[in-house]
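Colleague: Let's go through the labels on this one. I want to know what stands behind each of them.

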Amino acid sequence: MSKQNIAQWEEKFSSPEYQFGTAANGFLVREAGRLTPGAKVLCLADGEGRNSTWLAEQGHRVHAVEAAMNAIEKARALALERGVTVKHEQVDLEDWDWPVAQYDAVVAIFIQFTDTIGRARMFAQIEAALRPGGVLLLEGYGPGQLAYKTGGPKTIDHLYTVDELSTIFPTLRVELLEEYDRELDEGPRHRGMSALVDLVAVKP
Ligand SMILES: C[S@@+](CC[C@H](N)C(=O)[O-])C[C@H]1O[C@@H](n2cnc3c(N)ncnc32)[C@H](O)[C@@H]1O
């Protein structure tokens, strides 16, 4: 990830408005019942904390990592307001010493800032970060999003396909993998009809 790209995220998060809202992502809420009680969860590129805060409210132990300090400050404020504890850390995920076999779950909601090569590297690190029995919950945009223009990356090599996700985590057992179109209302940056790809996978 170029420093310029992170600077662009800092700029987006400099507004007091929560760019992706303060309610947790819908896919995460639908699928979080798969997590064991009090799970140790790694929340990747957590942004302004809507997902990490909600997970902590559900009783999980959450480590939220994110590159943009402006986002982390808003995430800290959200956790404080809701009276929950989240471990926030400023991290560039493309240059991080990833933990290995540490987490009961990894949550990856709209982390599409890498191209195909960077994604393969990052997904291998996600796989390694899970403990046996650990769950990956991942949602992103698919290629149809380029036509909707309602948020997300503007280049095709940052988008997910079901074909790619079905094989990119070779040691994980896929429990749910689907692409579908749905209206999103997740803050000003994710609003309107959207082309989505969801994955739930478990490390045996
Ligand atoms: C589309 S936002 C999604 C935020 C959050 N996951 C959510 O669903 O609300 C993408 C996030 O990726 C973060 N990001 C971009 N590049 C990153 C990097 N190299 N390492 C860590 N986070 C990064 C951005 O700062 C931003 O918060």
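**Two glycines in a loop**

Colleague: Which residues does Gly142 touch, not counting those up to four places away in sequence?

Modeller: Gly142 touches Leu159, Tyr160, Thr161, Glu179, Ala195, Leu196 and Val197. Contact here is C-beta atoms, placed from the backbone, within 7 Å of each other. Bear in mind that the model is predicted: local features need pLDDT of at least 70, side-chain atom pairs count only at pLDDT 80 or more, and totals for chains, interfaces and linings use all residues. Numbering starts from 1 along each chain as its sequence is written.

Colleague: Why is Gly142 called buried, partly exposed or exposed?

Modeller: The cut-offs are 20 or more other C-beta atoms within 10 Å for buried, 12 or fewer for exposed, and partly exposed in between, again with C-beta atoms placed from the backbone. Gly142 has 21 such neighbours inside 10 Å, so it counts as buried.

Colleague: And what makes Gly144 buried, partly exposed or exposed?

Modeller: Gly144 has 16 C-beta neighbours inside 10 Å, so it counts as partly exposed. Gly142 lies in the loop between strand 5 and helix 6, and Gly144 is found in that loop too. Helices (H or I, at least four residues) and strands (E, at least two) are DSSP runs, numbered from the N terminus. Leaving out residues up to four places away in sequence, Gly144 touches Asp181 and Ala195.

**The sheet**

Colleague: What kind of sheet is this, and what is the strand order?

Modeller: An open one: 7 strands in the order 3-2-1-4-5-7-6, with mixed pairing. Strands pair if DSSP finds at least two bridges between them. The edge strands are strand 3 (87-90) and strand 6 (173-185), each pairing on one side only. From one strand to the next, the twist averages 15 degrees.

Colleague: How do you know that strand 1 and strand 2 pair?

Modeller: Residues 40-44 and 61-66 share 4 bridges, in the parallel sense. Lys40 stands opposite Arg61, and Val41 has Val62 as its bridge partner. On strand 1's link to strand 4, 4 bridges join the two, which run parallel, with Cys43 opposite Val107.

Colleague: What makes strand 1 largely enclosed?

Modeller: 4 of its 5 residues are buried, so the rest of the structure largely encloses strand 1.

Colleague: What makes the unit of strand 1, helix 3 and strand 2 right-handed or left-handed?

Modeller: The test is to look with the strands pointing away from you: if the path from the first strand over the helix to the second runs clockwise, the crossover is right-handed. This β-α-β unit comes out right-handed.

Colleague: Why is Asp104 called buried or exposed?

Modeller: There are 21 other C-beta atoms within 10 Å, so Asp104 is buried. Asp104 lies in strand 4, and beyond four places in sequence, its contacts are Leu35, Thr36, Ala39, Lys40, Val41, Arg131 and Gly134.

**Two helices on the sheet**

Colleague: How do you know whether the span of helix 5 agrees with what is expected?

Modeller: The expected span is 1.5 Å times one less than the number of residues. For the 14 residues of helix 5 that gives 20 Å, and the end C-alpha atoms are 20 Å apart, so the two agree. Helix 4, also with 14 residues, reaches 20 Å, close to the 20 Å expected.

Colleague: Which residues of helix 5 are buried, and what puts them on the same side?

Modeller: Met122, Phe123, Ile126 and Ala129 are the buried ones. They cover an arc of only 115 degrees around the axis, which puts them on the same side of helix 5; the arc is that of the directions from the helix axis to the C-beta atoms. They pack against strand 1, strand 4 and strand 5. Turned away from that buried side is a face carrying the exposed residues Ile117, Ala120 and Arg121.

Colleague: What about helix 4: which of its residues are buried?

Modeller: Ala71, Ile72, Lys74, Ala75 and Ala79. Their arc is only 165 degrees around the axis, which puts them on the same side of helix 4. Exposed Leu80 and Glu81 sit on the face turned away from the buried side. The cover over the buried residues includes helix 1 (3-12), helix 3 (50-57), strand 2 and strand 3. Just after the helix, Gly83 takes a positive phi of about 70 degrees.

Technical notes. Axes fitted to C-alpha atoms, helices over the stretch in contact; angles between N-to-C directions.
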